[in-house]
Amino acid sequence: MVDYWNRIIWPMIEGAQMTVLLFFIVILLSIPLGFLLTLAVKSRFKPLSWLAQLYITVMRGTPLLLQLLLICFGLPMIPVVGEYLVFDRFVAACIGFVLNYAAYFAEIFRGGLLSIDKGQYEAAKVLGLTKWQTTTRVILPQMFRVALPAVANESITLVKDTALLYAVAVPELLHFAQTAVNREFTIVPYFIAGVIYLAMTLILTVFFKWLERRYKYE
Amino acid sequence: MALIEVSNLKKSFGNQEVLKSITFSVDRKEVIAIIGPSGSGKSTLLRSLIHLEEIDDGSICIDGEYLVKDGQYAKQTEIRKITGKMGMVFQQFNLFPHLTVKENLMLAPKLRKTESLGEIEKRCYDLLRKVGLSDKADAYPNNLSGGQKQRVAIARALMLNPEILLFDEPTSALDPELTGEVLKVMKDLAEEHMTMIVVTHEMGFAREVANRVIFMDGGEIIEENEPEQFFLHPQHERTKAFLHKNWK
Ligand SMILES: Nc1ncnc2c1ncn2[C@@H]1O[C@H](COP(=O)(O)OP(=O)(O)OP(=O)(O)O)[C@@H](O)[C@H]1O
Ligand SMILES: [Mg+2]
């Protein structure tokens with residue numbers, strides 16, 4: 001039993017740490033970046049807005065796996081500059097995830113902004129709030145609140161998407177599960193991996209439910 | 001000198017002329033009711049006064065200062081100062097749903113930073129008492145009835161000590177049994193000699209509370225008169241037709 005633990009489960013838990021690390025890095029970077037993208041899309045400076053929209057369309061319209069492969073293996077192959085574009089595999093994967101998820105979050109936040117009634121802007125204006133005060137005190141809090149369920153969804157998808165690290169050979173949870181399956185000739189590690197993913201998504205679900213209740217405004 | 005002076009105000013949306021050379025004035029302490037059929041430009045006129053719409057031509061002078069003179073708007077800082085003398089209450093309340101009642105009232109004064117927090121808080125509770133909502137200070141707007149929301153909206157506008165209050169159909173979104181509590185608050189304000197312009201379908205309120213009734217149709221002021229004269233002896237055919245349909 002102890003042996004089983006040492007050989008199979010423990011490596012998988014260590015792999016899961018990689019998954020969790022990636023998750024937090026991506027969430028912490030892609031949400032602010034996504035928000036900046038939303039602002040760029042809303043910008044009155046048209047070229048910036050078009051560029052941001054193009055970016056979002058491309059990132060959402062192509063597979064994340066393709067983007068990861070491109071960043072991990074494709075960039076170094078570019079002539080001349082390629083040799084400066086060789087990152088640590090994990091760092092490269094982080095960059096890929098952040099760039100991709102930022103596009104999704106940008107769309108979510110844009111949807112949140114659209115849902116805010118123009119009466120909110122008008123009320124703020126007749127109360128003498130400046131544009132900045134209106135944005136920070138009236139619009140953004142409501143935007144984040146509206147976006148919360150979609151952000152929750154996206155976060156849960158991210159947990160499962162971390163399995164794509166397997167394809168770019170970053171040792172994470174799934175990698176250790178597969179190794180164990182091959183070595184021990186048993187499918188039990190698959191189920192253990194499933195349980196660990198499930199535990200992570202459940203924790204997230206509970207956390208976001210709590211957030212939604214906390215900011216229900218009722 | 002009149003508190004509000006509007007002359008030859010013109011406003012189009014695209015090629016639709018919504019306000020056609022409107023001229024009128026409002027004295028301090030007057031309560032004006034604006035009535036008229038749907039689409040006649042009542043809201044647009046009210047919104048122009050507080051710069052929620054930009055007019056194409058004409059002048060708006062508030063308390064001796066031109067918001068816009070012959071189609072030329074004042075500088076941004078001037079505009080803020082001038083529109084700051086007015087408060088507005090909307091048909092759809094437009095309370096901030098993520099803030100409690102108390103926070104709705106205190107947000108703008110707090111950001112203006114001209115009073116201490118203690119003073120702001122005191123006025124907040126005074127005004128909530130005045131509109132009969134002392135017990136709702138910590139409630140969120142979503143948990144209030146329509147009539148309560150509109151009373152909060154009025155209190156919120158009053159927090160900035162406006163010289164003029166504009167109301168755009170303040171009771172039109174309310175169930176009939178809830179209009180009374182809002183009209184009561186407005187009547188109290190009129191008795192305290194707040195200058196008010198009220199776009200309304202409430203003929204009873206117009207007749208009882210207003211000093212003067214303005215009837216608009218097709219982007220023009222057709223007739224204006226004191227309420228008794230207006231309702232009992234309308235001069236214009238269009239006024240008669242409107243009153244016949246909307247008031248018995
Ligand atoms: N933002 C806008 N863009 C285009 N047309 C508008 C806009 N706002 C108002 N209009 C048009 O201007 C005209 C006057 O509208 P307004 O809202 O001022 O009328 P109203 O007298 O307040 O009517 P109601 O009693 O229905 O509120 C209408 O024909 C309306 O369709
Ligand atoms: Mg209207």
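**The ligand shell, salt bridges and chain layout**

Helix α1(B) gives the largest share of the shell around ligand 1, namely 3 residues. The model described here is a predicted one. At least two residues of the shell come from each of β2 (16-26) and α1 of chain B. The full shell consists of Phe13(B), Gln16(B), Val18(B), Pro37(B), Ser38(B), Gly39(B), Ser40(B), Gly41(B), Lys42(B), Ser43(B), Thr44(B) and Glu169(B). Sorted by class, these residues are 3 nonpolar, 7 polar and 2 charged.

Several shell residues also have polar atoms facing oxygen atoms of the ligand at short listed distances. In the side chain of Ser43(B), an N or O atom lies 2.7 Å from an oxygen atom of ligand 1. For the side chain of Gln16(B), the corresponding distance is 2.9 Å. Gly41(B) takes part through its backbone: a polar backbone atom is 3.0 Å from an oxygen atom of ligand 1. Alone, ligand 1 exposes 640 Å², and the protein buries 61% of that area.

Salt bridges form the next topic. Over all chains, the count comes to 26. One of them joins Lys118(A) to Glu122(A), with the closest N and O atoms 3.8 Å apart. Both residues belong to helix α5 (residues 118-126) of chain A. They are 4 residues apart, about one turn of the helix. Their surroundings are described by opposite words. Lys118(A) is exposed, because its relative accessible area of 56% is over the 50% cut-off. Glu122(A) is buried, because its relative accessible area of 11% is under the 20% cut-off.

Glu122(A) has a second partner, Arg47(B), in a salt bridge whose closest N and O atoms are 2.7 Å apart. This pair crosses between chains: Glu122(A) sits in helix α5 of chain A, and Arg47(B) sits in helix α1 (residues 42-49) of chain B. Both Glu122(A) and Arg47(B) are buried. Helix α1 of chain B thus appears twice in this account: it holds Arg47(B), and it supplies residues to the shell around ligand 1.

Within chain B, a salt bridge links the side chains of Asp63(B) and Lys85(B), at 3.3 Å from N to O. Asp63(B) lies in the loop between β4 (57-62) and β5 (65-69), and Lys85(B) lies in the loop between α2 (76-83) and β7 (86-89), so the pair ties together parts of chain B that are 22 residues apart in sequence. Asp63(B) counts as partly exposed, at 25% relative accessibility. Lys85(B) counts as buried, at 17%. The two residues also belong to a network of salt bridges. Its members are Arg28(B), Asp63(B), Glu65(B), Lys81(B), Lys85(B) and Glu163(B).

Another link in chain B concerns position along the sequence and in space. Ile32(B) is found in strand β3 (residues 31-35) of chain B. Its relative accessible area is 0%, and the residue is buried. Ile32(B) and Arg212(B) are separated by 180 residues in sequence, but their C-alpha atoms are 5.1 Å apart in space.

The UniProt record, an unreviewed entry, lists "domain: ABC transporter" at residues 4-243 of chain B. This span is 38% helix and 27% strand. Its end C-alpha atoms are 27 Å apart.

Chain A has another make-up. Its secondary structure comes to 8 helices and 0 strands. The pattern along the sequence reads α-α-α-α-α-α-α-α. The C-alpha trace spans about 70 × 55 × 20 Å along its principal axes. Of the 218 residues of chain A, 44% count as buried.

For chain A, UniProt (unreviewed entry) gives "domain: ABC transmembrane type-1" at residues 16-208. That span is 79% helix and 0% strand, and its end C-alpha atoms lie 21 Å apart. The feature "transmembrane region" is placed by UniProt (unreviewed entry) at residues 20-41, 53-78, 90-109 and 187-208 of chain A. Among them, residues 20-41 are 100% helix and 0% strand, with end C-alpha atoms 31 Å apart. Residues 53-78 are 77% helix and 0% strand, and the end C-alpha atoms of this span are 26 Å apart.

Terms used
Residues are numbered from 1 along each chain as its sequence is written. Chains are lettered from A and ligands numbered from 1 in the order in which they are written. This is a predicted model: local features need pLDDT of at least 70, side-chain atom pairs count only at pLDDT 80 or more; totals for chains, interfaces and linings use all residues. Side-chain values use heavy atoms; hydrogens and water are left out. A salt bridge is a side-chain nitrogen of Lys or Arg within 4 Å of a carboxyl oxygen of Asp or Glu. Buried means under 20% relative accessible area, exposed over 50%, partly exposed in between (1.4 Å probe, protein chains only). A residue is near a molecule or strand if one of its heavy atoms lies within 4 Å of it. A polar contact is a pair of N or O atoms within 3.5 Å; within protein, one must be able to donate a hydrogen and the other to accept it, and residues adjacent in sequence count only if both atoms are side-chain atoms. Accessible areas come from the Shrake-Rupley method with a 1.4 Å probe; for residues, only the protein chains shown count as cover. Ala, Val, Leu, Ile, Met, Phe, Trp, Tyr, Cys and Pro count as nonpolar, Asp, Glu, Lys and Arg as charged, and the others, Gly among them, as polar. UniProt positions are given in the numbering used here, feature names are shortened, and annotations may be inferred rather than shown by experiment.
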